[in-house]
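Welcome! Here is a short briefing to read alongside the sequence and the 3D view, taking the whole chain before some single residues.

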Amino acid sequence: MTTEHISSHLQRLWSPEVRTLEPYVPGEQPKIDNLLKLNTNESPFPPSPKVAEAIIKVLNEHAEPGNSLRLYPDPDASALKQAIAAQQQLSVEQVFVGNGSDEVLAHIFKAFFIQDKPILYPDISYSFYPVYSQFFNLKVIQVPLADDFSLDVTGYQQPNGGIIFANPNAPTGVFLPLDKIEVILQQNPDSVVVVDEAYVDFGGQSATSLISKYDNLVVCQTTSKSRALAGLRIGMAFAQPHLIAALERVKNSFNSYPMDRLAIAGGVASFEDQAYFEQTCQQTIDNREQLVAQLTELGFEVLPSKANFIFTQHPQYAAMEIAAKLREVGIIVRHFNKPKIHNFLRITIGTTAQQNRLVARLGEIC
Ligand SMILES: *Cc1c(COP(=O)(O)O)cnc(C)c1O
């Protein structure tokens, strides 16, 4: 039931704040045959086969199938934190895990950003930041991106109660080099600076290497994109232990068991299979470069991407019309009807076959 269909009479039972909320709108998940979904940045490849093996093993523990689910999971998800710490070359005390990085981000907002001063984020960025800002009643200054859609470091020198940006940025795919991130960290010693690295595994460089140097840095990652586990809901934050401790306080005031037994087991298996991870990330990068070449050939302009999607516009055709025409032939891409980016399409990297189907259709449209 969508909100518009609920009368104000019935809405009287809601908390007043809930009536004014503007929730995040996820990319749609339509159920159409032969649909090619290139709109939510899911992986076109399956997760490591070790993930399903590990989950099945949990289900078969304790004689009766599924019997292990009687018991609460480890509230600290220690096995998962250890596997992540080992893969990231961090200590377990530098790792926080949550039910998807969207939940981790919510805890980050609660733990660090509820300040008198405004928080800063780019005017074009992940659309959950404004949603959480409203949810937590924060003052916000949206810092404009530079004309080439890169992050403008000089905009983050003003007084603030915290800074967050995605790197590579969403929905542009543009990557900010680590030396620029260091400038932001150094200019804001009394603010927490959050780098949301949902897409960093596709050719970017992670800021985790800066964690030991900066006591105000939080790096956030997810298994949803590069590990093909959007359905398992595992997100993580990396920082020095004093910041992780704040996140644990928030988490334990909200939900003691955000990571279920299947997510813990599947997550461990994914992080232990480094070879598979590297191979699928590289395949995604190769496919991205191929798609960029094909689109450029058709006259599209593509922003430089280090993500598993590209952000593109055509000088002669309106993005909204291209998206509508693709939809008619069962291909879904993402269009944001927002200032500055309304003529762009965000297209998720697919398999070679999927991309060839897309490019063939685009060739007919353009
Ligand atoms: C996909 C995405 C997330 C959320 O990932 P989940 O772990 O699936 O909740 C967070 N930040 C950005 C920038 C994303 O694109």
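The chain exposes about 17200 Å², and carbon and sulfur atoms supply 53% of that area. Keep in mind as you look around that this is a predicted model. Its 366 residues give a radius of gyration of 21 Å, which agrees with the value near 21 Å for a compact globule, so the chain fits that rule.

**The chain as a whole**

- You can find 12 helices and 12 strands in the chain.
- Measuring tools in your viewer should help with this one: along its principal axes, the C-alpha trace spans about 55 × 55 × 55 Å.
- Of the 366 residues, 51% count as buried.
- Among contacts with a separation of 6 or more, 71% are made by residues 24 or more positions apart.
- The chain carries 29 positive and 38 negative charges, and the mean positions of the two groups are 5 Å apart.

**What the UniProt record adds**

- An unreviewed UniProt entry annotates residues 34-361 as "domain: Aminotransferase class I/classII large".
- Within the model, residues 34-361 are 37% helix and 16% strand, and the C-alpha atoms at the two ends of this span lie 15 Å apart.
- The unreviewed entry also has a note for Lys225, which reads "modified residue: N6-(pyridoxal phosphate)lysine".

**Lysine 225 and its surroundings**

- Where is lysine 225? Look in the loop between strand 7 (217-222) and strand 8.
- Is lysine 225 buried or exposed? Its relative accessible area is 16%, and because buried means under 20%, lysine 225 counts as buried.
- Leaving aside neighbours within four places in sequence, lysine 225 is in contact with Thr40, Asn41, Ser43, Ala198, Tyr199, Phe202 and Asn308.
- Asn41, one of those contacts, sits in the loop between strand 1 (36-38) and helix 3 (49-59).

**Threonine 223, in the loop between strand 7 and strand 8**

- Threonine 223 is found in the loop between strand 7 and strand 8.
- With a relative accessible area of 0%, threonine 223 is buried.
- Beyond four places in sequence, threonine 223 touches Ala228, Leu229, Ala230, Ile234, Met236 and Phe271.
- Threonine 223 and proline 26 are 197 residues apart along the chain, and their C-alpha atoms are separated by 17 Å.

**Alanine 239, in strand 8**

- Follow strand 8 (residues 235-239) and you will come to alanine 239.
- Alanine 239 is buried, and its relative accessible area is 0%.
- Which residues does alanine 239 touch, not counting those up to four places away in sequence? They are Glu93, Gln94, Ile211, Leu217, Val218 and Ile244.
- One of these, valine 218, is 21 residues from alanine 239 along the chain, while the C-alpha atoms of the pair are separated by 4.9 Å.

**Lysine 81, in helix 4**

- Lysine 81 lies in helix 4 (residues 78-88).
- At a relative accessible area of 9%, lysine 81 is buried.
- The contacts of lysine 81, not counting residues up to four places away in sequence, are Asp76, Val92, Val95, Phe96, Val97 and Glu248.

**Backbone details to look for**

- Most residues other than glycine have a negative phi, and most peptide bonds are trans.
- The peptide bond from asparagine 167 to proline 168 is cis, with omega near -5 degrees.
- Another cis peptide bond joins alanine 170 and proline 171, and here omega is about 5 degrees.
- Proline 168 is in the loop between strand 5 (162-166) and helix 7 (178-187), and proline 171 is also found between strand 5 and helix 7.
- Asparagine 41 has a positive phi, near 60 degrees, and asparagine 41 is buried, with a relative accessible area of 1%.
- Asparagine 137 has a positive phi near 60 degrees too, but at 62% relative accessibility asparagine 137 counts as exposed.
- To locate asparagine 137, go to the loop between helix 6 (128-135) and strand 4 (140-143).

Notes. Residues are numbered from 1 along each chain as its sequence is written. This is a predicted model: local features need pLDDT of at least 70, side-chain atom pairs count only at pLDDT 80 or more; totals for chains, interfaces and linings use all residues. Side-chain values use heavy atoms; hydrogens and water are left out. UniProt positions are given in the numbering used here, feature names are shortened, and annotations may be inferred rather than shown by experiment. Helices (H or I, at least four residues) and strands (E, at least two) are DSSP runs, numbered from the N terminus. Buried means under 20% relative accessible area, exposed over 50%, partly exposed in between (1.4 Å probe, protein chains only). Contact means heavy atoms within 4.5 Å. The radius of gyration is taken over C-alpha atoms; the globule rule is 2.2 Å times the number of residues to the power 0.38. Accessible areas come from the Shrake-Rupley method with a 1.4 Å probe; for residues, only the protein chains shown count as cover. Lys and Arg count as positive and Asp and Glu as negative; His and the chain ends are not counted. The place of a charge is taken as NZ of Lys, CZ of Arg, CG of Asp or CD of Glu.
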